Amino acid sequence: MKKIILTLFLVSSAVIFFSFEKKKDVHKAGIRTLIIDPGHGGLDPGARGTFSTEANVSLAVSLKLGAAIQKEFPEIKIVYTRTTDIVPGNGNSVEDGLYYRADLANESKGDLFIAIHCNSAGRAPGGWYGKRVSHYTTATRKVKVKKKWVTKTVKVPVYETYWIENKAMGTETYVWAVNKNDAKINSVSKNNDYTGEIDSTTTLTLPDPSDPAEKARMLVYAQNYFRKSLNFADLIQQQFAATGRIDRGVKQRNDKGIWVLQATGMPSVLVEIGFISNKEEEEYINSEKGQDEIVNNIITAFRVYKEKLDQKASNNVE
Ligand SMILES: [Zn+2]
């Protein structure tokens with residue numbers, strides 16, 4: 001009898017334990033903590049437009065995005081990597097800021113990481129002056145023909161300076177490229193006029209796959225977070241396109257500029273909300289209307305992404 005009671009006790013406690021475990025999983029599957037990371041800040045203004053900086057536009061959009069998400073989902077905890085114009089964590093370098101971003105996201109146990117940046121391309125924001133041949137004129141020159149000097153009429157180009165508008169525009173969303181091949185395919189297949197934002201000024205080193213700890217972290221990202229990051233990035237780009245923005249697509253990269261994406265143990269995307277180097281887009285991303293639209297686009301994508309996660313979680317329970 002004692003044995004039966006003991007067995008019953010063990011079985012029921014196992015049932016309770018496992019159902020508790022499942023509940024914990026459900027909770028885990030949703031989004032409890034969202035990390036919002038306004039790019040750059042402080043000594044690092046990021047790209048410059050004709051009247052604004054990437055750091056400030058990214059901050060404004062990030063704060064609006066956070067407020068909108070908080071309003072719709074009051075149960076979600078939102079953690080910002082910065083809320084003022086500083087290097088996150090008040091660090092002394094760009095690199096300090098990047099490490100702080102990743103550490104804060106991981107320590108806060110984020111379930112999703114969204115970095116907001118502005119793109120830039122070309123030689124100068126707005127545009128620049130170039131030189132080109134406007135027409136030809138003729139001139140006479142003395143040339144030697146068979147040891148004799150003769151006068152010859154030659155064609156001479158006349159140059160003019162002209163304004164070259166900085167035309168690159170549109171949105172793109174980055175995810176960390178799981179393997180180098182992805183990143184390579186991407187860089188050769190896309191527009192030649194523009195190489196995108198690369199924070200090459202930092203001394204940060206990229207993860208070294210021969211280091212077991214770093215390899216493990218990259219593997220965890222690849223197995224658990226890459227697919228989700230890609231899905232979320234795709235949803236964001238769909239929303240931008242639906243609003244009539246130029247959709248430059250989801251891109252995979254693994255340079256230093258997006259190092260922070262794989263350094264965070266969670267799905268993570270980096271959204272380039274527009275080109276600060278393009279006059280028209282600089283105005284748009286600084287305007288109330290533009291910022292509201294961008295926030296709307298990202299929050300719509302977030303809603304769909306979250307619903308899918310919640311659905312999956314409830315399917316697991318049944
Ligand atoms: Zn940036």
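**A walk through the fold**

Of the 318 residues in this chain, 35% count as buried. What you see is a predicted model, and its secondary structure comprises 8 helices and 8 strands. Among the contacts in the chain with a separation of 6 or more, 78% link residues 24 or more positions apart.

Before going further, a word on confidence. The chain has a mean pLDDT of 86, with 83% of its residues at 70 or more. Residues 15-27 have pLDDT below 50, and beyond near neighbours in sequence this stretch has 5 contacts in the model. Residues 187-194 are also below 50, with 4 such contacts. Where pLDDT is low, the predicted coordinates should not be read in detail.

A good place to start is the sheet. Here 6 strands form an open sheet in the order S2-S1-S3-S8-S6-S7, with mixed pairing. S2 and S7 (247-253) are the edge strands, each pairing on one side only. On average, neighbouring strands of this sheet are turned by 20 degrees against each other, direction ignored. Helix H5 packs on the sheet, where it touches S6 (171-176), S7 and S8, and its direction makes about 175 degrees with that of S6.

Now follow the strands across from the S2 edge. S1 and S2 run parallel and are joined by 4 bridges; leucine 34 stands opposite isoleucine 78 in S2. Next, S1 pairs with S3 in the parallel sense over 5 bridges, and isoleucine 36 stands opposite isoleucine 114 in S3. S3 in turn pairs with S8, again in the parallel sense, over 6 bridges. There, phenylalanine 113 has serine 268 in S8 as its bridge partner.

How many residues of S3 are buried? The count is 8 of its 8 residues. Leu112, Ile114, Ile116 and Cys118 point one way from the strand, while Phe113, Ala115, His117 and Asn119 point the other way.

Helix H2 (residues 54-72) is worth a closer look. At 1.5 Å a residue, its 19 residues should span 27 Å, and the end C-alpha atoms are 27 Å apart, so the two agree. Its buried residues are Glu54, Ala55, Val57, Ser58, Leu59, Val61, Ser62, Leu65, Gly66 and Ile69. These pack against strands S1 (33-38), S2 (77-80), S3 (112-119) and S8 (268-275), as well as helices H7 (279-286) and H8 (288-317).

In soluble globular proteins, nonpolar side chains tend to be buried together. In this model, the largest nonpolar core has 54 residues, and those touching the most other members are Ile114, Val175, Ile236, Val260, Val269, Val271 and Ile298. Helix H5 (residues 212-242) gives the largest share of this core, 9 residues. For a view from one member, take valine 175: leaving aside its neighbours within four places in sequence, valine 175 is in contact with Phe226, Ser229, Leu230, Ala233, Val250, Gln252, Leu261 and Val269.

Finally, turn to strand S4 (residues 127-145). Is S4 mostly covered or hardly covered? S4 is hardly covered, with a count of 0 buried residues among its 19. S4 pairs with S5 (residues 148-165) in the antiparallel sense over 18 bridges; glycine 130, for example, has tyrosine 162 in S5 as its bridge partner. Together S4 and S5 form a hairpin with 2 residues between them, and lysine 146 in the turn has a positive phi of about 50 degrees.

Notes. Residues numbered from 1 in each chain as written. Predicted model: local features only at pLDDT ≥ 70, side-chain atom pairs only at ≥ 80, totals over all residues. Core = buried A, V, L, I, M, F, W, Y, C linked by C-beta atoms within 7 Å. Buried ≥ 20, exposed ≤ 12 C-beta atoms within 10 Å, placed from the backbone. Contact = placed C-beta atoms within 7 Å. Expected span 1.5 Å × (residues − 1). Pairing = 2+ DSSP bridges. pLDDT = per-residue confidence, 0-100. Axes fitted to C-alpha atoms, helices over the stretch in contact; angles between N-to-C directions.
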